[in-house]
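Please open the structure in your viewer and keep the selection tool at hand. This tour proceeds by stops, each with something to select and a short account of what is there.

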Amino acid sequence: MDIVFFVYGLAFVLLGVAVFVQPRKYSEYALARFIWLLAAFGMVHGLLEWTDLWKIVRGGSPFLRALQVALLIASFGLLFEFSRRLLKTALDASSAWRKLLDVKIYGAVFLLIAGGAWLASDPLLGLIIWGRYALGFPAALGAGVGLHYYFRRCVLPVLSEDEVLVVRRYFILGTVAFGAYAILAGLVVPASDFFPANGLNDRLFLSLTGVPVQIFRAVCAVLAALAVAK
């Protein structure tokens, strides 16, 4: 598992690097103005996965656990904001879904996380689980859906036929990778004593597949990094 966490974290860090090294200052694409949020997510989430590697090699501690909670919330918060801006850019102004993407949505999200943690028997575990439910799942799903609609509305009309053939495959790959990651990282959570974490969790996933969910998450991270880089 130490190799899995190393690759998992490295994939997200490389995703961030791939974005930061690209010239964006004079880009005509709206995406260039906020894609730094995706890069920041990659860096912070990669660090989060490396803390799991540290825990395997050196052991855990209360400080490390608290740090992991902070990194989880911060990284998914960055991805959530990226997805929110991407969807607002990609969706038609008259779309009912677009109206739900006001910044006030954060009030509901953090109220849900705080309420879930307060009701949990282990508040830190509650923060991790509800952080995945309320931030991680919609953030990753929004990134996948947003890439799909952004390609159709903002990229497809300005590319030549030959360019579309090259670019489309990477937008599709990004959509699939983030969509799968939404399920694997946002819904498959650590086991706990409340619904739905007492049923749908990483233990059930391991018993059904024989493979830790982190391996599948790492594959999604590698594919997402490749799609974004391309």
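A residue is called buried when its relative accessible area is under 20%, exposed when it is over 50%, and partly exposed in between. The model on the screen is a predicted one.

**Stop 1: a salt bridge within helix α2**

Select aspartate 52. Is this residue buried or exposed? Its relative accessibility is 17%, which is under the 20% limit, so aspartate 52 counts as buried. Now add lysine 55 to the selection. The two residues form a salt bridge, with their closest N and O atoms 3.6 Å apart. Side chains of opposite charge can pair when their charged atoms come close. Because aspartate 52 and lysine 55 are 3 residues apart in helix α2, about one helical turn separates them. Unlike its buried partner, lysine 55 is partly exposed, at a relative accessible area of 37%.

How many salt bridges does the structure hold? There are 4, and the next two stops visit others.

**Stop 2: a salt bridge between distant parts of the sequence**

Select arginine 65 and aspartate 122. These residues also form a salt bridge, and their closest N and O atoms lie 2.6 Å apart. Arginine 65 belongs to helix α3 (residues 62-90), whereas aspartate 122 is in the loop between α4 (105-119) and α5 (123-155), so the pair ties together parts that are 57 residues apart in sequence. Both ends can be checked for exposure: arginine 65 is partly exposed, with a relative accessible area of 32%, and aspartate 122 is partly exposed as well, at 26%.

**Stop 3: a network in helix α3**

Remain with helix α3 and select glutamate 81 and arginine 84. Their side chains meet in a salt bridge of 2.9 Å, N to O. The two residues are 3 residues apart in the helix, about one turn, and both are buried. Add Arg85 to the selection: salt bridges with shared partners join Glu81, Arg84 and Arg85 into one network.

**Stop 4: a nonpolar patch on the surface**

Turn to the surface and select Ile3, Phe6, Val7, Leu10, Leu14, Val17, Phe20, Val21, Trp36, Met43 and Val222. Together they make a nonpolar surface patch of about 930 Å². Two elements, α1 (2-20) and α2 (36-58), each give two or more residues to the patch. Which of the elements provides the largest share? Helix α1 does, with 7 residues. Phenylalanine 6 is found in this helix, and it is partly exposed, with a relative accessible area of 41%.

**Stop 5: the largest pocket**

Rolling a probe the size of a water molecule over the atoms shows where empty space is left. The largest pocket has a volume of about 680 Å³. To find its centre, select Leu31, Ile35, Phe171, Val228 and Lys230, which are the closest to that centre among the 24 lining residues. The elements that give two or more residues to the lining are α1, α5, α6 (161-186) and α8 (213-229). Helix α6 makes the largest contribution, 4 residues. Colouring the lining by class shows 19 nonpolar, 3 polar and 2 charged residues.

**Stop 6: from helix α6 into the loop that follows**

Select alanine 185, which lies in helix α6. At 1% relative accessibility, alanine 185 counts as buried. Next select arginine 217 as well: the two residues are 32 residues apart in sequence, and their C-alpha atoms are 6.8 Å apart in space.

Move on to valine 188, in the loop between α6 and α7. Valine 188 counts as buried, at 4% relative accessibility. A distance drawn from valine 188 to alanine 90 spans 28 Å, C-alpha to C-alpha, for a pair 98 residues apart in sequence.

Proline 196 is found in the loop between α6 and α7 (202-209). Which kind of peptide bond joins phenylalanine 195 and proline 196? The bond is cis, with omega at about 0 degrees.

**Stop 7: an exposed tryptophan**

Finish at tryptophan 97, in the loop between α3 and α4. At 65% relative accessibility, which is over the 50% limit, tryptophan 97 counts as exposed. Select tryptophan 54 too: the C-alpha atoms of the two tryptophans are 41 Å apart, although the residues are 43 residues apart along the chain.

Definitions and conventions: Residues are numbered from 1 along each chain as its sequence is written. This is a predicted model: local features need pLDDT of at least 70, side-chain atom pairs count only at pLDDT 80 or more; totals for chains, interfaces and linings use all residues. Side-chain values use heavy atoms; hydrogens and water are left out. Patches are made of residues with over 30% relative accessible area and no salt bridge: like charges are joined within 9 Å, nonpolar side chains (Val, Leu, Ile, Met, Phe, Trp, Tyr) within 5 Å. Accessible areas come from the Shrake-Rupley method with a 1.4 Å probe; for residues, only the protein chains shown count as cover. Buried means under 20% relative accessible area, exposed over 50%, partly exposed in between (1.4 Å probe, protein chains only). On a 1 Å grid over the protein atoms alone, a cavity is a set of points where a 1.4 Å probe fits but cannot get out, and a pocket is an open set with protein on both sides within 12 Å along at least five of seven lines; lining residues have an atom within 4 Å of a point. Grid points are joined across faces, edges and corners, and a volume is the space filled by probe spheres set on the points. Ala, Val, Leu, Ile, Met, Phe, Trp, Tyr, Cys and Pro count as nonpolar, Asp, Glu, Lys and Arg as charged, and the others, Gly among them, as polar.
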